[in-house]
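Hello,

Here is the structure I promised to pass on to you. Have a look at it first, and then read my notes underneath.

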Amino acid sequence: MRPLRYSINVTLDGCCDHRGNMPVEALQELHRHATENLAAADALLFGRVTYEMMEAAWRLSTRTETMPAWTEPFARTIDAAKKYVVSSTLDRVDWNAELVRGDLAEAVQQLKREPGKGLFVGGVKLPLALAELGLIDEYEFVMLPALAGHGPTLFAGLSKRIELQLVSRLEFASGAVAMRYVPRR
């Protein structure tokens, strides 16, 4: 069974709003890390909001603004990736994507049963639903050395406590720290 991995950048005060300015060197190392994460998955799983945000920013065939050269590996990796989109409001998707309909638990369990090296989920709302269902196999929180003071917080409204065990830690020159956890079973 292929694992479902979740990764997100979060500030020290628990916010995951990416509108804040960061030094270019920090952005470069975080983009490299995110590219490695995406490349280690067979497919990406997004909710509608994250899918539309990523498509607007990273779809190469429709890009209208010039991005820094150091973003190109990430752009190529996410553009080429197979994507599954969980949405009850979208009628269709493209950009190497397929809609996921029906029972979320059944649909994700079926995707996990397919052969491969893993699935990658991003966003805020969909991971909350997947955590509630016990379907996330690995959590990665990339702690940014900043306080945002605004933006959504992770897992707001989670109905039960999920105990996690630290399995790895990676420190970046910028002071960001990527911590990977697995649920204690």
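Below is what I found, starting with the sheet and moving on to the helices and a few single residues.

Please keep in mind that this is a predicted model. The chain has a mean pLDDT of 92, with 98% of its residues at 70 or more. Among the elements, β7 has the highest mean pLDDT (98) and α1 the lowest (91).

A good place to begin is the open sheet of eight strands, where the pairing is mixed and the order is β4-β3-β2-β5-β1-β6-β8-β7. The edges are taken by β4 (97–100) and β7 (164–171); each has a single partner strand, so one side of each has no neighbour in the sheet. From one strand to the next, the twist averages 25°.

Within that sheet, I looked at β6 more closely. Strand β6 covers residues 138–144, and it pairs with β8 (residues 177–183) in the antiparallel sense, over five bridges. If you want to find this pairing on screen, look for Phe-141, which stands opposite Met-179 in β8. Glu-138 also belongs to β6. Is Glu-138 buried or exposed? Its relative accessibility is 16%, and because buried means under 20%, Glu-138 counts as buried. Leaving aside residues up to four places away in sequence, Glu-138 touches Leu-4, Arg-5, Tyr-6, Arg-180 and Tyr-181.

Now to the helices that lie across the strands. Helix α1 (residues 24–39) lies across β1 (4–11), β2 (43–47), β5 (119–121), β6, β7 and β8, and runs at about 170° to β6. Helix α2, for its part, lies across β2, β3 (82–86) and β4, at about 115° to β2.

Which residues of α2 are buried? They are Thr-50, Tyr-51, Met-54, Glu-55 and Trp-58. Seen down the axis of α2, these buried residues fall within an arc of 130°, so they line one face of the helix. The spacing makes sense in general terms: an α-helix has 3.6 residues a turn, so residues three or four places apart point the same way. The buried residues of α2 pack against α1, β2, α3, β3 and β4. On the face turned away from this buried side, α2 carries the exposed residues Val-49 and Ala-56.

Helix α3 can be read in a similar way. Its buried residues are Phe-74, Ala-75, Ile-78 and Asp-79. Down the axis of α3 they fall within an arc of 125°, so they too line one face of their helix. Among the elements that cover the buried residues of α3 are α1, β2, α2 and β3.

Two loop residues are also worth finding. Thr-62 lies in the loop between α2 (48–58) and α3 (72–80), and at 47% relative accessibility it counts as partly exposed. Thr-62 is 30 residues from Arg-32 in sequence, and their C-alpha atoms are 23 Å apart in space.

The other is Asp-103, in the loop between β4 and α4 (104–113). With a relative accessibility of 42%, Asp-103 counts as partly exposed. A polar atom of the Asp-103 side chain lies 2.8 Å from the backbone nitrogen of Glu-106. The backbone nitrogen of Ala-105 lies 3.3 Å from a polar atom of that side chain.

Enjoy exploring the model, and write back with any questions.

Best wishes

Technical notes: Residues are numbered from 1 along each chain as its sequence is written. This is a predicted model: local features need pLDDT of at least 70, side-chain atom pairs count only at pLDDT 80 or more; totals for chains, interfaces and linings use all residues. Side-chain values use heavy atoms; hydrogens and water are left out. Helices (H or I, at least four residues) and strands (E, at least two) are DSSP runs, numbered from the N terminus. Buried means under 20% relative accessible area, exposed over 50%, partly exposed in between (1.4 Å probe, protein chains only). Contact means heavy atoms within 4.5 Å. Two strands pair if DSSP finds at least two bridges between them. Axes are lines fitted to C-alpha atoms, for helices over the stretch in contact, and angles run from 0 to 180 degrees between N-to-C directions. pLDDT is the predictor's confidence in each residue, from 0 to 100. A polar contact is a pair of N or O atoms within 3.5 Å; within protein, one must be able to donate a hydrogen and the other to accept it, and residues adjacent in sequence count only if both atoms are side-chain atoms. The arc is that of the directions from the helix axis to the C-beta atoms.
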